[in-house]
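Work through these exercises with the model open beside you. Try each task before you read its solution.

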Amino acid sequence: MDFSFSDEQLMLQDVARRIAKEKIATSAEHFDATGEYPLENIQLLGENGLMAIEVPEQYGGSGMDPISSVLAIIEVSAADAAHATIMSVNNSLFCNAVLAYGSEAQKQTYVRAIAEGSEIGAFALTESQSGSDATAMRCRAVKQDDGSYVINGQKSWITSGPVARYVVLFAMTDPTKGSRGITAFMIDANRPGYGRGKTEPKLGVRASATCEIEFQDYVARAEDVIGKEGEGFKIAMSLLDSGRIGIASQAVGIARAAYEASVAYVKERKSFGAPIGTFQMIQAKVADMKCKLDAAMLLTLRAAWLKSQGRRFSTEAAVAKLTASEAAMWIAHQAVQIHGGMGYSKEMPLERYFRDAKITEIYEGTSEIQRMVIARNETGLR
Ligand code: CAA
């Protein structure tokens, strides 16, 4: 077993860390307060290969491995989790969809534009009445005699929806077949029949623009199908396995930022004539934070390593996402407590970490869904 990173992995981590420190950390407060989409920062990440990390160089990407993605997302998330949301969805859900299931033409057209940072990708599975129960979707794609599909319906909570040019959509092509009646499509937001709702005001990751999208007689051509008709649900689930590593990485980044701020603060802040870090109750918090942070990091790397070996990693991705998101929430909570009034103040980023951490327990499968996936896979029972 080797716990060291390769030179290439460290180099990409370094690029991400530099942009995170110089551009993202310095503007995070502004984007959190305004909810504006951080377009220039995202373009900068794209120009540096961080929006298509695992995309092979032949399609304009960085050609790096899943462990590199984890390292890069952690750096960005430690500066600002909203940037990491945009980055993770674009990398893990959009790019992986086309790479793993798309045709050569789809790879050339859609992945290249995303890899070059000129366009943003989104992933549309959720609907207002179907979040955890993804097969209950109502968005319909009806096949026409010429092989095209007419799509009608709405999708909710679409990360990057307000700005995305290309969207990987899941729609029901045969409602009588349940999960086997779902098909994946590549959607171009510039084509007729595509509409966007208002940007959602959110508790955290406020700069990662989220909205509802709507299809009104949108025509998808036969060549817009991703994979095969009826394979959409399995495609969505396997992409979410990768997406969950991305969200676990995001959670580790938030947890690390909250932990490092706390370690610095307990050495500086004096109370009763001594640094608060000398008090046993604070020491216990620091120790427990460190254990949860390390466990989250190692489990996330394990899932990424399995992915890089081409092995199944559904359970390990769920274990990583569950552990890391709950660690981020707990660590951010303790960090606010350690900082006392300053933790509650907008003068410090602790309250932002606390708000941002919460979403990692909800999107790309709630903690309850992760527990269900893990238990089903471990026991074989349903
Ligand atoms: N990989 C490949 N195939 C998979 C799979 C996986 N990880 N998981 C399930 N499948 C297959 C099953 O083998 C099964 O195949 P067969 O038909 O051949 O038997 C099929 O998919 C159906 O599986 P289930 O019977 O297990 O399906 P289910 O209806 O019981 O649902 C679930 C399972 C785990 C609850 C699933 O619906 C789920 O993960 N729900 C959560 C959805 C989710 O994470 N949404 C996040 C939205 S996206 C988002 O948040 C992005 C963003 O913008 C940030």
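**Exercise 1.** Find which helix gives the most to the lining of the second largest pocket.

*Solution.* Start with the lining of this predicted model's second largest pocket. The lining residues are M1, D2, F3, S4, F5, Q9, I67, M297, L298, L301, R302 and W305. Next, look at helix α7, which spans residues 280-308. Helix α7 gives the most, with five residues. Now sort the lining by class: eight residues are nonpolar, two are polar and two are charged. The pocket's volume is about 430 Å³.

**Exercise 2.** Is F3 buried or exposed? Place F3 in the chain, then find the surface patch that F3 helps to make.

*Solution.* First, the position: F3 lies in the segment before α1 (7-34). Second, the accessibility: F3 has a relative accessible area of 62%. Exposed means over 50%, so F3 is exposed. Third, the patch: M1, F3 and L298 make a nonpolar surface patch of about 440 Å². Finally, go back to the pocket: M1, F3 and L298 are among the residues that line the second largest pocket.

**Exercise 3.** How many cavities of 30 Å³ or more does the structure hold? Describe the lining of the largest cavity.

*Solution.* The structure holds three such cavities. The largest has a volume of about 100 Å³. Its lining has 14 residues, and E54, S69, S92, S242 and G246 are the closest to its centre. The elements α3 (66-79), α4 (81-101) and α6 (232-268) each give two or more residues to this lining. By class, the lining of the largest cavity has eight polar, four nonpolar and two charged residues.

How values were computed: Residues are numbered from 1 along each chain as its sequence is written. This is a predicted model: local features need pLDDT of at least 70, side-chain atom pairs count only at pLDDT 80 or more; totals for chains, interfaces and linings use all residues. Side-chain values use heavy atoms; hydrogens and water are left out. Patches are made of residues with over 30% relative accessible area and no salt bridge: like charges are joined within 9 Å, nonpolar side chains (Val, Leu, Ile, Met, Phe, Trp, Tyr) within 5 Å. Accessible areas come from the Shrake-Rupley method with a 1.4 Å probe; for residues, only the protein chains shown count as cover. A salt bridge is a side-chain nitrogen of Lys or Arg within 4 Å of a carboxyl oxygen of Asp or Glu. Helices (H or I, at least four residues) and strands (E, at least two) are DSSP runs, numbered from the N terminus. Buried means under 20% relative accessible area, exposed over 50%, partly exposed in between (1.4 Å probe, protein chains only). On a 1 Å grid over the protein atoms alone, a cavity is a set of points where a 1.4 Å probe fits but cannot get out, and a pocket is an open set with protein on both sides within 12 Å along at least five of seven lines; lining residues have an atom within 4 Å of a point. Grid points are joined across faces, edges and corners, and a volume is the space filled by probe spheres set on the points. Ala, Val, Leu, Ile, Met, Phe, Trp, Tyr, Cys and Pro count as nonpolar, Asp, Glu, Lys and Arg as charged, and the others, Gly among them, as polar.
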